[in-house]
Amino acid sequence: MARIDLVDLAHSYGGPHAPQDSYALKPVTMTWRQGGAYALLGPSGCGKTTLLNLISGIVTPSHGQILFDGKDITPLSTQKRNIAQVFQFPVIYDTMTVGQNLAFPLRNRGVPKAEVDARVKQIADLLDLTPNLNRKATRLTADAKQKISLGRGLVRSDVAAVLFDEPLTVIDPELKWQLRSKLKALHRELDLTMIYVTHDQTEALTFADTVVVMHDGRVVQSGTPAELFDKPAHTFVGYFIGSPGMNIVPAQVSGHEARVDGHTIGLHRNYGVLPKDKKIEIGVRPEFVDIAAPASGLLSATIERIDDLGRIQFARVRVGNAKFAARVPPGFSPSGDTAGLVFNPAHVHVYADSHLVEGVA
Amino acid sequence: MDKTVNQKAWFLVLPVFAVVAFSAILPLMTVVNYSMQDTFGNNQFFWNGVGWFKELLDPSTDLGGRFLASLGRNLFFSAVILAIEVPLGIVVALSMPREGWSVAACLVILALPLLIPWNVVGTIWQIFGRPDIGLMGYVLNAMGIDYNYVSNDIDAWVTVIVMDVWHWTSLVALLCYAGLKSIPDAYYQAAQIDGASRWAVFRAIQLPKMNRVLLIAVLLRFMDSFMIYTEPFVVTGGGPGNSTTFISIELVKIALGQFDLGKAAALSLVYNLIILIVCWVFYTVMTNAGTERKPQEGAA
């Protein structure tokens, strides 16, 4: 159990002298608090697995330090770091029974037999593996195998953090929910720091109390699911989280107004005068834009299709050349191809070169 | 179900049938025929029933004694070379590099002995081991070790075994290397996290994952070593005395040396049968090992 600090941590697979643009992980400084449930969310190749492997010690960083409870453990090998890691594909030792699999990390560390047995029993109870303790691990299903991999991490009483590298990839959908809620329960019960890598936003948002969104080797935002939804710090976060993602359209912004396609949209905050050399965009989630009958005061859009998601309908529209998604209010049925868009000013954000600009209230 | 009946298809099968008949079935049936008869030359044959087979299994007769003695040598030879080549092949595979240019270099070097024709291997070692002009034989004798594979039984055996190890360990190593390459990195990483020692990694991950290829390696090496003929024939000619006379060498002596076609035919049928049976046993073991690994439904 530990707080994990990353200090100016960066990694390049091409060696420390490669240009920084090519770094798999660009310098990051952040703190993972003890007992937190974190999700590392991002598309494939964004550096999230690299970051995870740096923490577990499988990869040695090109720059920076990793501190566990303030102690620099960067030069320590994986064995000495007290990290548990669950991989994408279940790793189990074929020739051993479930019990022997669970005992393996303890036996390797020379723990007395009585203590090993007690600990294995306890963890097997926790993970509902007790009925299978004496079975060959190879005969179990993928989700049980994944539980064994997890169990091998948990048997060690001194484990600092449990890292998950997309652990539900090979699990059947209906079992995914079970296993995910099991993880949540374990987290509450054991007070462990858990870091969960995934590219699936549902997994990230349901598992974690803090979601760290990564893009192109950088941490672009870290916050609660609600923060990521309400106030994305980067256009990538807006786009990546939410389904459909945030609408982002080029605009001219000054003071309380944004001009899009010759139409003026009111803003909740005052943005003064923004720098001319940056690309200015406004972003608004489809949930906060309604379509309405075309009217002179509204931004007009061309309806392309309506997606019915069951409890909510989204209209896919086009504003000028930009694609846009907007909510279809209950009871509203559009007539014809054109519609007007009604914005909720409190949820319209302004971005300069993809980064959020904080306005003045 | 309606099947299209087209008798013309038989004509397409006919060429294959003819080739197989002339290349395998007819020669085999000739051997079966010979094994029941005796001949004194002049193409005159006399019916002998199962007489040769009875003799084969009776150590008090000349034929039986020679067969059982050479069978013993064959089994001993196969056991020794398996005991050496399998562990050695595993060690070689484990110590091979995993990536970089050196992988290709290692693979080429390992493959070289496998590409040399059997009788060339025999000739190489025959000359290599000669005490007068051979590098190994000369050096050993210069070091004070009295080594002569022509006159000493043990030296002859050592030479034949070392030669086979030199020739075929590569095969085991290459198979094991392929098995090792197929282990995902995650296993090694998990083992690191679990604090496994090098030996524990080998026992818990590498050996179980090499299981299948090792079975194939053992099967191939057993078959091949059990049928060995060329190399010992070139190096020792079966001697000194009969000490390195394997079944195949005995067979050639009986068939071509003594022209005892009946005895040779019976011997070759039994020889063939032994190999088929061992093959079948290995095959069964391997298939069973495969089914055991299938995960069961509803085990969670």
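**Exercise 1.** What share of the contacts in chain A with a separation of 6 or more is accounted for by residues 24 or more positions apart?

*Solution.* The structure is a predicted model, and we begin with chain A as a whole, which contains eight helices and 22 strands. Its C-alpha atoms fill a box of roughly 80 × 50 × 35 Å, taken along the principal axes. Among the contacts with a separation of 6 or more, 67% are made by residues that stand 24 or more positions apart.

**Exercise 2.** Describe how helix H2(A) and helix H4(A) are packed.

*Solution.* Two packed helices are described by the angle between their axes and by the distance between those axes. Here the axes of H2 (residues 98-108) and H4 (residues 142-154) of chain A come within 7 Å and cross at roughly 35°, and the crossing is right-handed. On the H2(A) side, Val98(A), Asn101(A), Leu102(A), Phe104(A) and Pro105(A) take part, and they meet Ile148(A), Gly151(A) and Arg152(A) in H4(A). Sorted by class, this contact has five nonpolar, two polar and one charged residues.

**Exercise 3.** Locate the nonpolar cores of chain A, and name residues that belong to them.

*Solution.* We first note that 43% of the 361 residues in chain A are buried. In soluble globular proteins, nonpolar side chains tend to be buried together. The largest nonpolar core has 82 residues, and among those with the most contacts inside it are Tyr38(A), Ala39(A) and Ile195(A). Leaving aside residues up to four places away in sequence, Ala39(A) touches several residues, including Tyr196(A), Ala204(A), Phe207(A) and Val211(A). A second, separate core has 26 residues, including Ala251(A), Ala258(A), Val284(A) and Phe324(A).

Note on methods. Residues are numbered from 1 along each chain as its sequence is written. Chains are lettered from A and ligands numbered from 1 in the order in which they are written. This is a predicted model: local features need pLDDT of at least 70, side-chain atom pairs count only at pLDDT 80 or more; totals for chains, interfaces and linings use all residues. Axes are lines fitted to C-alpha atoms, for helices over the stretch in contact, and angles run from 0 to 180 degrees between N-to-C directions. Helices (H or I, at least four residues) and strands (E, at least two) are DSSP runs, numbered from the N terminus. A crossing is left-handed if the near helix is turned anticlockwise from the far one by less than a right angle, and right-handed if clockwise. Two residues are in contact if their C-beta atoms, placed from the backbone, lie within 7 Å. Ala, Val, Leu, Ile, Met, Phe, Trp, Tyr, Cys and Pro count as nonpolar, Asp, Glu, Lys and Arg as charged, and the others, Gly among them, as polar. A residue is buried if 20 or more other C-beta atoms lie within 10 Å of its own, exposed if 12 or fewer, and partly exposed in between; C-beta atoms are placed from the backbone. A nonpolar core is a set of buried Ala, Val, Leu, Ile, Met, Phe, Trp, Tyr and Cys residues joined through C-beta atoms within 7 Å.
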